[in-house]
Amino acid sequence: MEQVHRSDIGWAEPESVGRSVFIDQAMRMLGVSKRTVYYRIRDGRLRTIRVRGGSQRVLIESIRDLVATDKQRTARPPSSSGAVPPASSQSVSCR
């Protein structure tokens, strides 16, 4: 599937794509491995539907939500509250 770039999410699905895509298409749209798509489904970060034939399809809306969430995470500066304190200069001796 060829990606079409848009300014709001970085890509847009071609007009031929409906409300959901196959796992392989989601994999290419996100630029991740198939295993990563399955991990994100398992973790609830991607939502799917089962079609009549039994195959699983990823909802386009959940892909958009994931991309938006990931952009927010990477745009946020790291907070100082989770910083690790510097190591002590005292030495510890073992007897």
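Select S62 first: its side chain reaches the backbone oxygen of L59 at 2.7 Å. The model on display is a predicted one.

Keep S62 selected and show the element around it; the residue is found in helix 3, which covers residues 60-75. Is S62 buried or exposed? Its relative accessibility is 0%, and because buried means under 20%, S62 counts as buried. Next, display the neighbours of S62 that lie further than four places away in sequence: S62 touches R45, L46 and R47.

Now turn to the sheet. Select its 3 strands, which form an open sheet in the order 1-3-2 with antiparallel pairing. Which strands stand at the edges? They are strand 1 (20-22) and strand 2 (48-50); each has a single partner strand, so one side of each is left without a neighbour in the sheet. Viewed from one strand to the next, the twist averages 40°.

Proceed to strand 2 and strand 3, the latter spanning residues 56-59. These two strands run antiparallel and are joined by 3 bridges. Select T48 here, and V58 in strand 3 will be found standing opposite.

Two helices may then be added to the view. Helix 1, residues 23-30, packs on the sheet and touches strand 1 and strand 3. The direction of helix 1 makes about 100° with that of strand 1. Helix 3 also packs on the sheet, touching strand 1 and strand 3, and its direction makes about 50° with that of strand 3.

The tour may end at its starting point, since helix 3 is the element in which S62 is found.

Key. Residues numbered from 1 in each chain as written. Predicted model: local features only at pLDDT ≥ 70, side-chain atom pairs only at ≥ 80, totals over all residues. Heavy atoms only, no water. Helix = DSSP H or I, 4+ residues; strand = E, 2+ residues; numbered from the N terminus. Buried < 20%, exposed > 50% of the residue type's maximum accessible area, 1.4 Å probe, protein only. Polar contact = N/O pair within 3.5 Å; in protein donor to acceptor, adjacent residues only side chain to side chain. Contact = heavy atoms within 4.5 Å. Pairing = 2+ DSSP bridges. Axes fitted to C-alpha atoms, helices over the stretch in contact; angles between N-to-C directions.
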